[in-house]
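Colleague: Thanks for making time for this. Could you walk me through the model, starting from the surface and then moving inside?

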Amino acid sequence: MDKLRVMTIFGTRPEAIKMAPLVKELERREGIESLCCVTAQHRQMLDSVLSIFGIVPRFDLDIMEPSQTLSTITSKCLLGLEKVFQEVRPDLVLVHGDTSTTFAGALAAFYQQVAVGHVEAGLRTWDRYSPFPEEMNRSMVGRLAELHFCPTRANRRNLAAEGIEKGVFVTGNTVIDALQTTVAEGFTFAEDVLNTLDYRGKKVILVTCHRRENYGRPMEDIMSALAHIARTHPEAELVYPVHLSPVVQECARRHLEGMENVRLIAPLDVEEMHNLMARSYLVMTDSGGLQEEAPALGKPVLVLRKETERPEAVQAGTVKLAGVEYDAIVSMADELLNDPAAYAEMAHAVNPYGDGRACRRIADAILYHFGRTDRPPEVFEG
């Protein structure tokens, strides 16, 4: 019997981090021919992940350009993927999450009548403009996909509420699989300041803030709150890998540059980010992925957003929704820095996102769906 041709498509660093362990799992399966295609929606940050995981894409669209818009990303992906599908007719295309590459990849496959599998399916905020454009991207991919790989049972319920119940599998999140590759006790950072931080004597706070919906007043309040936390907690050390966006760079530097216990550094690759997170006391972020990764490492998370499409962690107690207003952010950070019991309650809560076997379940589900095995995949019960 011919091997199943399974093509993974991704283009940004967050997608690459979560798809890389799945690419490696597909490569190990005898019944699957694994084909990797990258759009390079993010070029430099994507390449670092490919290098770390030892992945050489079969196809590279290399679409990134200065000042690219959502329209240029989507149109270039559609045109490039059309040529790829004409050259290689896959049995299944796998896309991840909610980026413009994700939506364009699913749509391009649909136009060629190729089956689509959606990794990290079923996340919803139910607000089409927050996060933007991710909420609509993932919702539309949900209509295009035949297979839906949900990290949690709550994600499956979200799909069921939209009438999607066939081809749905609960697998856990592949990012937990990735952490098993990247985190190492004796890790040495390329950014030397990270090698010299006092992780035992200081409460290191890892900060990220970059989302479009936080531009303007929300970001001003977030940065003001971070500055206040740094001033009033000399025992803390804030480490902020600042996103390359000029908007983010200007705001972060205006509020935080020059403060003695704030380190504004360049963006980190996946290994450095995961290992910094593992050594940190607390994570404050508007990122989606860090809400899943940090709890797996026993780190409390304050989410700098108005809502989260990952309510499981809030319910489990590993994450708190701090929002984007100054007073709430300061109050929640103060509690975790001042109250050991409140900190321990979050740090020791059970991570609801996975057990490191998500990629195995996804590969099993693919073989089961295509009739290559009679055994249904294991269900993640977290």
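Colleague: Happy to start outside. What share of the exposed area of the chain do carbon and sulfur atoms supply?
Modeller: Keep in mind that this is a predicted model. The chain exposes about 15900 Å². Of that area, the share supplied by carbon and sulfur atoms is 49%.

Colleague: And the charges: how far apart are the mean positions of the positive and negative ones?
Modeller: The chain carries 41 positive and 54 negative charges. Taking the mean position of each set, the separation comes to 3 Å.

Colleague: How many helices and strands does the chain have, and why can it be called as compact as a globular protein of its length?
Modeller: The secondary structure amounts to 16 helices and 13 strands. For 382 residues the globule rule gives 21 Å, and the chain is as compact as a globular protein of that length because its radius of gyration is close to that, at 20 Å.

Colleague: What part of the chain is buried, and what percentage of the contacts join residues at least 24 apart?
Modeller: Of the 382 residues, 58% are buried. For the contacts, the count takes in residues at least 6 apart in sequence. Within that set, the percentage joining residues at least 24 apart is 68%.

Colleague: Let's turn to the sheet of seven strands. In what order do they lie, and which strands stand at the edges?
Modeller: The sheet is open and its pairing is parallel, with the order 3-2-1-4-5-6-7. Two of these strands have a single partner strand each, so one side of each is left without a neighbour in the sheet. Those edge strands are strand 3 and strand 7 (168-170).

Colleague: Inside that sheet, which residue of strand 5 stands opposite L94?
Modeller: Strand 4 (residues 92-96) runs parallel to strand 5, and five bridges join them. Across this pairing, the residue opposite L94 is G117.

Colleague: Is strand 8 mostly covered or mostly open, and what stands opposite V204?
Modeller: Strand 8 (residues 203-208) is mostly covered, with five of its six residues buried. Four bridges join strand 8 to strand 9 (residues 236-241), and the two run parallel. In strand 9, the residue opposite V204 is E237.

Colleague: Now some single residues. Is C77 buried or exposed, and how far in space is C77 from T101?
Modeller: C77 lies in helix 3 (residues 70-87), and C77 is buried because its relative accessible area is 0%. Beyond residues up to four places away in sequence, C77 touches T39, L61, I63, T101 and A104. C77 and T101 are 24 residues apart in sequence, while their C-alpha to C-alpha distance is 6.6 Å.

Colleague: Which residues is T12 in contact with, leaving aside its neighbours within four places in sequence?
Modeller: T12 sits in the loop between strand 1 (4-10) and helix 1 (13-28). At 3% relative accessibility, T12 counts as buried, since the cut-off is under 20%. Its contacts, with those neighbours set aside, are Q41, H42, L46 and T99.

Colleague: What does N275 touch beyond its neighbours within four places in sequence?
Modeller: N275 belongs to helix 11 (residues 270-279), and at 0% relative accessibility N275 counts as buried. The residues in contact with N275, with those neighbours left out, are T182, V183, A184, F187 and F189.

Colleague: Any backbone features worth a look? Which peptide bonds at P131 and P133 should I inspect, and what are their omega values?
Modeller: Most peptide bonds are trans. P131 is in the loop between strand 5 (115-119) and helix 5 (134-144), and P133 is in the loop between strand 5 and helix 5. The bond joining S130 and P131 is cis with omega about -5°, and the bond from F132 to P133 is cis with omega near 0°.

Colleague: Last one: what are the phi values of D62 and S67?
Modeller: Most residues other than glycine have a negative phi. D62 is in the loop between strand 3 (59-60) and helix 3, and counts as partly exposed at 45% relative accessibility. S67 is in the loop between strand 3 and helix 3, and is exposed, with a relative accessible area of 73%. Phi is positive in both: near 50° for D62 and near 55° for S67.

Definitions and conventions: Residues numbered from 1 in each chain as written. Predicted model: local features only at pLDDT ≥ 70, side-chain atom pairs only at ≥ 80, totals over all residues. Heavy atoms only, no water. Rg over C-alpha atoms; globule rule 2.2 N^0.38 Å. Buried < 20%, exposed > 50% of the residue type's maximum accessible area, 1.4 Å probe, protein only. Contact = heavy atoms within 4.5 Å. Areas by Shrake-Rupley, 256 points an atom, 1.4 Å probe, with all protein chains shown as cover. Lys, Arg positive; Asp, Glu negative; His and termini not counted. Charge placed at Lys NZ, Arg CZ, Asp CG, Glu CD. Pairing = 2+ DSSP bridges.
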